[in-house]
Amino acid sequence: TSHLQDDALSIELCIDGHDIFVDPGTGVYTSNPNVRNQMRSRSHHSTAGPIQESDIDSDEMFDLPMKGITSVAQSTASRFSGMYETDSWKLQREVELSANGLTINDAFESNQSWQQVFVLHPKIRVQSNSESDSPNMKLEWSGSGTAIEIISSNGKIRCEDGTYSPHYGIIVPTERLIINHGTVDSNLVTINI
């Protein structure tokens, strides 16, 4: 259990050999408890859950304060559907690959405000398009890019600083896409890539 991280249903994305959504890595183990807990928190993984429980605030570096049950409903070459359930909330995530791209559907059940987090590789640059009815982001890397459309009635999206550890003991800055949702819109949110 020494590798426990709050990363249930977290995803990683690579397009044409370019890492887009990444696992943050470990960073360190015992030399810096704050960094260790930050990098294993849900707020630093590409998943979703309650805002108030997104960071691990504990002196314990090898246990998780919140634990749930993960189950897989479907897993094929083009589609994944799974659920993570705790005593107070439930996340259902569906990821589907089609000829049109990749779609991520998250459904959250709880009376709490919640957030989706997507940790970006340090070489990814984010551009937003505020002229669209739904929040739009464009991710760019090495002269290439892809559009991300986020469909949610009330979700507030922003970029925030994060950290990434490509190798143990090395920590570099990166960005995270964070989409915050209130309790009223705690329903289906679709991300098209």
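I began with Trp 89 and Phe 108 in this predicted model, and I noted that both Trp 89 and Phe 108 are buried. I then looked up the geometry of their rings, which form a tilted aromatic pair with 5.7 Å from centre to centre and 35 degrees between the planes. Trp 89 sits in the loop between strand E5 (79–85) and strand E6 (90–98), whereas Phe 108 belongs to strand E7 (residues 101–109), so this pair ties together parts that are 19 residues apart in sequence. Following the ring pairs outward, I found that they link Tyr 84, Trp 89, Phe 108 and Trp 114 into a cluster.

I next asked how many aromatic pairs there are by the rule of ring centres within 6.5 Å. The count comes to four. For Phe 21 and Phe 118 I recorded ring centres 4.9 Å apart and planes at 35 degrees, so I entered this pair as tilted. Phe 21 is part of strand E2 (residues 18–21) and Phe 118 is part of strand E8 (residues 114–119), so the contact ties together parts that are 97 residues apart in sequence. I checked the accessibility of each partner: Phe 21 counts as buried because its relative accessibility is 2%, and Phe 118 counts as buried because its value is 1%.

Turning to the surface, I asked which residues gather in a patch of negative charge. They are Asp 55, Asp 57, Asp 59 and Glu 60. I placed Glu 60 in the loop between strand E3 (48–50) and strand E4 (69–75), and at 38% relative accessibility I entered Glu 60 as partly exposed.

I also looked up Arg 125, which lies in strand E9 (residues 125–129) and counts as partly exposed at 49% relative accessibility. The C-alpha atom of Arg 125 is separated by 9.5 Å from that of Ser 142, and the two residues are 17 apart along the chain.

My last entries concern the backbone. Most residues other than glycine have a negative phi, so I wrote down two residues with a positive value. Leu 9, which is not a glycine, has a positive phi of about 65 degrees; I located Leu 9 in the segment before strand E1 (13–15), and it is buried, with a relative accessible area of 10%. Asp 16, likewise a residue other than glycine, has a positive phi near 50 degrees. Is Asp 16 buried or exposed? Asp 16 lies in the loop between E1 and E2, and at 75% relative accessibility I entered Asp 16 as exposed.

How values were computed:
Residues are numbered from 1 along each chain as its sequence is written. This is a predicted model: local features need pLDDT of at least 70, side-chain atom pairs count only at pLDDT 80 or more; totals for chains, interfaces and linings use all residues. Side-chain values use heavy atoms; hydrogens and water are left out. Rings of Phe, Tyr and Trp (its six-membered ring) pair if their centres lie within 6.5 Å; planes under 30 degrees apart count as stacked, over 60 as edge-to-face and the rest as tilted. Helices (H or I, at least four residues) and strands (E, at least two) are DSSP runs, numbered from the N terminus. Buried means under 20% relative accessible area, exposed over 50%, partly exposed in between (1.4 Å probe, protein chains only). Patches are made of residues with over 30% relative accessible area and no salt bridge: like charges are joined within 9 Å, nonpolar side chains (Val, Leu, Ile, Met, Phe, Trp, Tyr) within 5 Å. Accessible areas come from the Shrake-Rupley method with a 1.4 Å probe; for residues, only the protein chains shown count as cover. A salt bridge is a side-chain nitrogen of Lys or Arg within 4 Å of a carboxyl oxygen of Asp or Glu. Lys and Arg count as positive and Asp and Glu as negative; His and the chain ends are not counted. The place of a charge is taken as NZ of Lys, CZ of Arg, CG of Asp or CD of Glu.
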